[in-house]
Amino acid sequence: MNAIEVQNLRRVFRTTLGVFKRSTKEVVAVEDVSFSVASGELFGLLGPNGAGKTTSVKMLTTLLIPTAGSARILGHDVVKDAEAIRPRIGFIFGGERGLYWRLSAIDNLRYFATLYKLEPEVTKKRIPYLLELVGLSDRGREKVEGYSRGMKQRLHIARTLLHDPELLFLDEPSIGLDPVAAREMRQIVLNLQSEKKTILLTTHYMFEADALCQRIAVINHGCIIALDTPAGLKKHVQDLSVIEIEVFGVPQNTLDQVQALPFVDAVSVENRDQKQALIVQSPRGSEAVPDLMTALAGLRVGRVDVREPTLEDAYVRLVGGRHDA
Ligand SMILES: Nc1ncnc2c1ncn2[C@@H]1O[C@H](COP(=O)(O)OP(=O)(O)OP(=O)(O)O)[C@@H](O)[C@H]1O
Ligand SMILES: [Mg+2]
C-alpha cells in the first residue's frame, strides 16, 4: 500500500479585498495535484514561492480541507478519517514557532509527550533517545531561548518524533540554517529514512533534493509539471550545457537581450559575494560564449565556465523564467 495517494487535489482560498468596497478574490493555491508516495520512500516536492507546496502539505496533514479531489494517508481519507491519520503522522513547517523558549529541550519534550498522552515509561526512554538522534543530548537541560536556529529546528524534529509517527512531512526543514546546520539536518533526514519512515520533504535547495530524494515532483502554479527520479529530471537538460559568466552588475535590459538570443534556452542570475553569476543554458555549449560576450559588451565580466547541467538547471528549465537566487 502507498503511504500517500493524492488524486486531483485542489484548494481555493477566498480573500477579502478593500475596506469599504468589499469584494472577494479567489486564489487557486493548488489547482490539480495527483501523486503517490510508496511506504518508506523519501519524496521531494519542489517548486517556486507560492507554487502550492505548503498548501498541499497542509491538506495532507489534515490541517486544511481540500476544495476538491481526494487524498489518502496510510489508507485513510484526509477528510473523513482525519482522526485515524493524526496519531500516525508528524510534520514540521520550516521557521515555525511552537516551542516553549523558557523551558529546556527536555521539558519541552516532556510537555508535548503529556499533550500526546504518551505513557511515562515510554517518555522516559524516548526523550533521551530522540535527543541523541538529533544531536542535542549534551544540551538538553538548557533553555531553548539560548539555542541557535539549527538547534531549535532539530528540537522541532525531536518533538514531531515523540509519538513515533511512520510518516513525516518536512516543509523546508533546512530553511534559514547555515551550511553546517543544514548538512546536519540532511543527515537526520537520512537517519529517519533508514529507520523506515516515509518522508515527504519540500525544499528550495536543489542539491538537497538531489542528495536525499528518491523521487521528486516539481510543482508550479498549483500543478505538478514533472515527477521523476533526480536522474530522470536531469535528462530534461541532457541536450544543454550551462555557461556561467561572472559579472559585476547586470542591467535588466541586458538580461532580456541574452534571453532573446536564439541559442539561449534559459537565463538566471545568482548573487555571489560582491559579484553575480549569469547562468545561461544553451545547446551550443562553449560555442555560444563569443556571442554571449558580444551581448554583454560594455559590462565588467570575470570568469567564464562551461559545465554539465545539474538538477537545479533542470528545475530552471521546467519552471521557466528567470529566478534570482
Ligand atoms: N490562507 C491563505 N489565504 C489566501 N491565500 C493563500 C493562503 N495560503 C496560501 N495562499 C496562497 O496560495 C498560494 C500557494 O501558497 P503556498 O504557501 O502553498 O506556496 P508554497 O509553494 O509553499 O510557497 P513557498 O515556497 O513560498 O513556501 C500562494 O499564492 C499564496 O499566496
Ligand atoms: Mg511553503
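Just after helix α3, Lys 117 takes a positive phi of about 60°. That residue makes a handy starting point for a walk through this predicted model, beginning with the helix that precedes Lys 117.

Helix α3 spans residues 105-115, and its buried residues are Ala 105, Asn 108, Leu 109, Phe 112 and Ala 113. Around the helix axis these residues cover an arc of only 135°, which puts them on the same side of α3. The pattern fits a simple rule of helix geometry. An α-helix has 3.6 residues a turn, so residues three or four places apart point the same way. What lies over the buried residues of α3 includes helix α4, residues 120-133, and helix α5.

Each of these two partners can be taken in turn. Two packed helices are described by the angle between their axes and the distance between the axes. For α3 and α4, the angle is about 135° and the axes are 10 Å apart. The two helices are therefore oblique to each other, and α3 passes α4 in a right-handed crossing. On the α3 side, the residues that meet α4 are Ala 105, Ile 106, Leu 109, Arg 110 and Ala 113; on the α4 side they are Thr 123, Ile 127, Leu 130 and Leu 131. Sorted by class, this contact of α3 with α4 has seven nonpolar residues, one polar and one charged.

The second partner, α5, is met at another angle: the axes of α3 and α5 cross at roughly 30° and come within 10 Å. An angle under 35 degrees counts as roughly parallel, and α3 and α5 are therefore roughly parallel to each other. Their crossing is right-handed. Here Ala 105, Asn 108, Leu 109 and Phe 112 of α3 meet Leu 155, Ala 158 and Arg 159 of α5. The residues of this contact between α3 and α5 divide into five nonpolar, one polar and one charged. Ala 105 and Leu 109 of α3 are thus found in the contact with α4 and again in the contact with α5.

Helix α5 has a further neighbour. Residues 149-161 form α5 and residues 179-194 form α6, and the two helices pack at an angle of about 15° with their axes 10 Å apart. That angle makes α5 roughly parallel to α6, and the crossing is right-handed. From α5 the contact draws on Gly 150, Gln 153, Arg 154 and Ile 157, and from α6 on Ala 181, Glu 184, Met 185 and Ile 188. By class, four of the residues in this contact of α5 with α6 are nonpolar, two are polar and two are charged.

Away from these helices, the loop between α1 and β4 offers two residues worth a look. Pro 66 sits in this loop, between α1 at residues 53-60 and β4 at residues 68-73. With 22 other C-beta atoms within 10 Å, Pro 66 is buried. Leaving aside neighbours within four places in sequence, Pro 66 is in contact with Leu 9, Arg 10, Arg 11, Met 59 and Ala 71. Val 12 lies 54 residues from Pro 66 in sequence, and the two are 8.1 Å apart in space, C-alpha to C-alpha. Thr 62 is found in the loop between α1 and β4 as well. Thr 62 has 21 C-beta neighbours inside 10 Å and counts as buried, and its phi is near 65°, a positive value in a residue other than glycine.

Another positive phi, of about 50°, belongs to His 221, which is not a glycine. The loop that holds His 221 runs between β9, residues 215-220, and β10, residues 223-228. His 221 has 15 C-beta neighbours inside 10 Å and counts as partly exposed. Met 293, in helix α10 at residues 289-295, is partly exposed too, with 13 other C-beta atoms within 10 Å. Between Met 293 and Glu 26 there are 45 Å in space, C-alpha to C-alpha, and the two are 267 residues apart in sequence.

As for the chain as a whole, the secondary structure comes to 11 helices and 14 strands. The C-alpha trace spans about 70 × 50 × 45 Å along its principal axes. Of the 325 residues, 36% count as buried. Among contacts between residues at least 6 apart in sequence, 70% join residues at least 24 apart.

How values were computed:
Residues numbered from 1 in each chain as written. Chains lettered and ligands numbered in written order. Predicted model: local features only at pLDDT ≥ 70, side-chain atom pairs only at ≥ 80, totals over all residues. Helix = DSSP H or I, 4+ residues; strand = E, 2+ residues; numbered from the N terminus. Buried ≥ 20, exposed ≤ 12 C-beta atoms within 10 Å, placed from the backbone. Contact = placed C-beta atoms within 7 Å. Axes fitted to C-alpha atoms, helices over the stretch in contact; angles between N-to-C directions. Parallel < 35°, antiparallel > 145°, perpendicular 65-115°, else oblique. Left-handed = near helix turned anticlockwise from the far one by under 90°. Nonpolar A, V, L, I, M, F, W, Y, C, P; charged D, E, K, R; others polar. Arc of directions from axis to C-beta.
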